[in-house]
Amino acid sequence: MPSPAENQHKSDKIASVLNRNLDQKKVASYAPVDASRLTPEQARRWEQDGYFVLPQLVCAKICAKINETVIAKVRRMDTEGTAVQETRIHEGSFTLPEENFSKEVATAEDRVSKLYNLHREDVFRHLARREDLVQLLGGLLGPDVDIFNSQYIFKNPGAWGQPWHQDSLYFNFSKFPQAGVWLATSRATVENGCLYVMPGSHREPIHEHRPDSRPEANLGYVEIRDYDFSNEVPMLMEPGDVLVFHSFLMHRSADNRSDDRRTALVYHYGNAGTRQVGLPSPTVDWMPALRAGSPVPPGVHQPWRQWRTRLQLGIGVFLHKVQQLLKHSTTAEK
Ligand SMILES: O=C(O)CCC(=O)C(=O)O
C-alpha cells in the first residue's frame, strides 16, 4: 500500500502531466451542430449550456445487464488479473481502486472506483453503436464518429466525489471537442453522489487543474480552482437516463453519503479523424460508430482489435515489475 506521501507525489506528477498541453486547448474548435439530427431543444441546449439529457434512453433490462456484467468481470479480474498495487489488469481492461469507504468492504466490486475499456465487449458495444445514439452524436461531432473511451463508475457508499474538472484535460488530441455520454445505471441523487454541471462553462478554455486538495482522494483526481461555481446544477437521474455533455463542460460529482452504490457507464466519442498527440494512453481505443452519416452495425466481439491497449497495458506491467525489482535490490544492498 503506497504511503500518503507517495500518493501526494504521484498526484502532483499526474497534475503536472495533465496540464502540459493547456495552451493547445484554449478554444474548442466547435463542430458545427447539424440540427437535422437533433431536436431544436437539444441543439439549443448544446450551444447554450453544453449538455442535455435523454430521459429513459436505455431500458431497465439493459441497465441491469450492464451492472451484472461489470460485477462478474471485476470479480474475475480480482482472481485472474495481474495486480499492480491495487489496480487489476485483465485482457484489455483495468480497474482503479477506491480510497474511501463508509461500509464494510466484502467483495471485489466494493474496492473498485472505475473499470476502463468495455466498449468492444458485447452489451457495451451494442450500446456504443446504438443507432439513435450515434445519429445524435453525428449531429454534434460530424458524420464520422468514433467511441474512444469507456468506463464504468462504481460510487460505493462512502466514496468521495470527483472534483470540478473538464474532460478534455485528459485528452491529448489534435481536435476538440469530444462528447461524453453518461448513462445512469442506478438512481443518481444529491445524497448518493450525482453529477453537478456548470451550464455554459463549455465555452471556457481548459483551465489549469491542481491536485485534489484532499490528501486521501482517489489517485488522478484534479480540480479547477479559478472559476465561480455558485450556479452549479445537480443532475438528478433515474436508471436509463443519459446525460450528453461537451468535453469542455466543467462538472464534478458529490460524495456518496447513502448506503447504496451509485453507478454509471460513461462513454466518450470524438470525430473519427482525430489524432493522438504525444504518447498513447491505455484509456483511449478508437472504435468506429458512425461513417458518412450511417451507423456502423453492432458486429461481433473481436478481441484482437484491442491489441494496442493490451500492448500498452503489458508494457506498463513490465515497467512496474522492473521498478519493483530495482527497489528490492537497492533495499537488499543497504
Ligand atoms: O460519475 C462520477 O462520479 C464522475 C464522473 C465524471 O466526472 C466523468 O466521467 O468525467
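Leaving aside its neighbours within four places in sequence, which residues is Y269 in contact with? In this predicted model, the partners of Y269 are L137, L141, V145, D146, I147, Q178, A179, V181 and A289. Y269 also has a prominent place in the largest nonpolar core: that core has 63 residues, and L137 and Y269 are those with the most contacts inside it. Another core, of six residues, lies apart from it, and A15, A159, A217 and Y221 are among its members.

Two of the partners of Y269, A179 and V181, bring us to strand β7, which spans residues 179-184. This strand is mostly covered, with six of its six residues buried. In a regular strand, side chains alternate between the two faces of the sheet. In β7, A179, V181 and L183 point one way, while G180, W182 and A184 point the other way; on either side, the residues are buried. The strand has pairing partners to match. With β12 (residues 242-246), β7 pairs in the antiparallel sense over five bridges, and V244 of β12 is the bridge partner of V181. With β14, β7 again runs antiparallel, here joined by six bridges, and V266 of β14 stands opposite W182.

V266 turns up once more around the ligand, in a shell made of I153, K155, Q162, D167, G193, L195, H251, S253, A264 and V266. Sorted by class, the shell has four nonpolar, four polar and two charged residues. Three strands each supply at least two residues of this shell, namely β6 (145-155), β13 (251-253) and β14 (262-271).

A few points of backbone geometry deserve a friendly second look. The peptide bond that joins F176 and P177 is cis, with omega at about 5 degrees; P177 has its place in the loop between β6 and β7. Two residues other than glycine have positive phi values. One of them, Q56, has phi near 50 degrees and is found in the loop between β1 (51-54) and α3 (60-80). Q56 counts as exposed because it has 12 C-beta neighbours inside 10 Å, and the cut-off for that class is 12 or fewer. The other, E91, has a phi of about 50 degrees and is found in the loop between β3 (87-90) and β4 (93-97). With 18 C-beta neighbours inside 10 Å, E91 therefore counts as partly exposed, since 20 or more would be needed for a residue to be buried.

Notes. Residues are numbered from 1 along each chain as its sequence is written. This is a predicted model: local features need pLDDT of at least 70, side-chain atom pairs count only at pLDDT 80 or more; totals for chains, interfaces and linings use all residues. A nonpolar core is a set of buried Ala, Val, Leu, Ile, Met, Phe, Trp, Tyr and Cys residues joined through C-beta atoms within 7 Å. Two residues are in contact if their C-beta atoms, placed from the backbone, lie within 7 Å. A residue is near a molecule or strand if its C-beta atom, placed from the backbone, lies within 6 Å of it. Helices (H or I, at least four residues) and strands (E, at least two) are DSSP runs, numbered from the N terminus. Ala, Val, Leu, Ile, Met, Phe, Trp, Tyr, Cys and Pro count as nonpolar, Asp, Glu, Lys and Arg as charged, and the others, Gly among them, as polar. Two strands pair if DSSP finds at least two bridges between them.
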